[in-house]
Amino acid sequence: MLLTTNGIVLHSLKYSETSIIARIYTEASGLQSYLIKGIRSPKSKIKAGLFQPLTLLELVAYHKPKTNLHTAKEVHLAHPYISIPFDIRKSSIALYINELVFKSIREEEANPELFAYLWNTCLLLDSTEVSPGSFPLVFTAELTRYLGILPLTNYSEQRPVFNLQESHFQAIIPEHEPYIIPEFGKSFSLLVESHIDDHEKIHLKQAVRRSLLESLLLFYSIHLPGFKPMNSHHVLHSVLS
């Protein structure tokens with residue numbers, strides 16, 4: 001079956017002397033692997049630069065049932081980034097988003113709402129003046145909504161401690177479970193209720209941002225089976241400090 005779809009590049013690796021395999025999150029069928037034949041050849045009509053992290057593509061591919069590897073026929077750039085490649089803050093955020101999405105999503109079926117959210121987030125990152133520390137933080141929190149692990153926002157002055165294991169706020173610090181300290185509880189609740197379009201309205205001190213991002217990634221590791229440790233957030237902390 002010949003399938004035409006939009007897609008977001010998440011990962012690519014060398015397959016042979018002239019070919020690569022790309023992992024692409026597609027609008028039509030979720031996360032898929034594509035063989036791009038001959039792309040490393042000088043005569044290739046498909047350019048290798050199209051498979052950088054978070055590149056937005058239009059692709060036509062042969063999809064065969066009961067196989068995990070499909071073959072790309074045509075690949076075109078859907079949206080050329082104007083600022084991400086030239087702004088170290090934005091490119092660092094893009095690499096972080098790419099790694100988080102790649103390690104979070106396993107669905108090999110269409111999820112229109114999730115795809116639209118990721119696509120629009122990439123466009124927003126490219127087109128607006130981002131709030132450097134808040135953008136990745138809000139994205140990490142809001143993505144939980146689409147992954148089905150949204151924390152319960154039952155914060156109050158009587159329940160200021162967020163229990164990462166149980167995914168809710170509570171009155172006392174748990175003895176043996178990871179938690180967010182009471183001083184950061186209100187900020188975490190506000191963050192989880194925020195949307196990426198409103199990232200510029202979130203103003204948190206650097207120490208709070210770092211702590212909450214680390215806590216959110218720990219939350220992912222607890223609630224998403226198979227979620228592997230992240231690396232790019234360390235670079236993010238350095239670039240955005």
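1. A good place to start is the E2/E3 pair: these two strands run antiparallel and share seven bridges. Here, strands pair if DSSP finds at least two bridges between them, and helices (H or I, at least four residues) and strands (E, at least two) are DSSP runs numbered from the N terminus. Three residues separate E2 from E3 in a hairpin, and Ile24 has Gln32 in E3 as its bridge partner.

2. A word on the basis of this note. The model is predicted, with local features requiring pLDDT of at least 70 and side-chain atom pairs counted only at pLDDT 80 or more, while totals for chains, interfaces and linings use all residues. Residues are numbered from 1 along each chain as its sequence is written, and side-chain values use heavy atoms, leaving out hydrogens and water.

3. Confidence looks good to work with. The mean pLDDT (the predictor's confidence in each residue, from 0 to 100) is 93 for the protein, and 100% of its residues reach 70 or more. Helix H6 (residues 232-240) has the lowest confidence, at a mean of 87, while strand E6 (residues 161-163) has the highest, at 98.

4. Now the barrel itself. Five strands close it in the order E1-E2-E3-E5-E4, with mixed pairing. From one strand to the next, the twist averages 50°. Helix H1 (residues 88-104) packs on this sheet and touches E1 and strand E2 (20-26), its direction making about 105° with that of E1. Helix H2 (residues 112-127) also packs on the sheet, touching E1, E2, E4 and strand E5 (69-79), at about 65° to the direction of E1. For these angles, axes are lines fitted to C-alpha atoms, for helices over the stretch in contact (heavy atoms within 4.5 Å), and values run from 0 to 180 degrees between N-to-C directions.

5. Two further pairings are worth a look. Strand E1 (residues 2-14) and strand E4 (residues 56-62) are antiparallel over seven bridges, and Thr5 stands opposite Leu59 in E4. E3 and E5, in contrast, pair in the parallel sense over three bridges, with His70 in E5 as the bridge partner of Tyr34.

6. Do check how enclosed E3 is. Seven of the seven residues of strand E3 (residues 30-36) are buried (under 20% relative accessible area, with exposed over 50% and partly exposed in between; 1.4 Å probe, protein chains only), so the strand is largely enclosed by the rest of the structure. Across the protein, buried residues make up 51% of the 241 residues.

7. Two backbone spots deserve your eye, because most residues other than glycine have a negative phi. Leu54, in the loop between E3 and E4, has a positive phi of about 70° and is buried at a relative accessible area of 4%. Ser167, in the loop between E6 and strand E7 (168-170), has a positive phi near 60° and is buried at 13% relative accessible area.

8. Finally, the overall picture. The protein has six helices and eight strands, following the pattern β-β-β-β-β-α-α-α-β-β-β-α-α-α along the sequence. The C-alpha trace spans about 65 × 40 × 30 Å along its principal axes. The radius of gyration is 19 Å, which agrees with the value near 18 Å for a compact globule of 241 residues; this radius is taken over C-alpha atoms, and the globule rule is 2.2 Å times the number of residues to the power 0.38.
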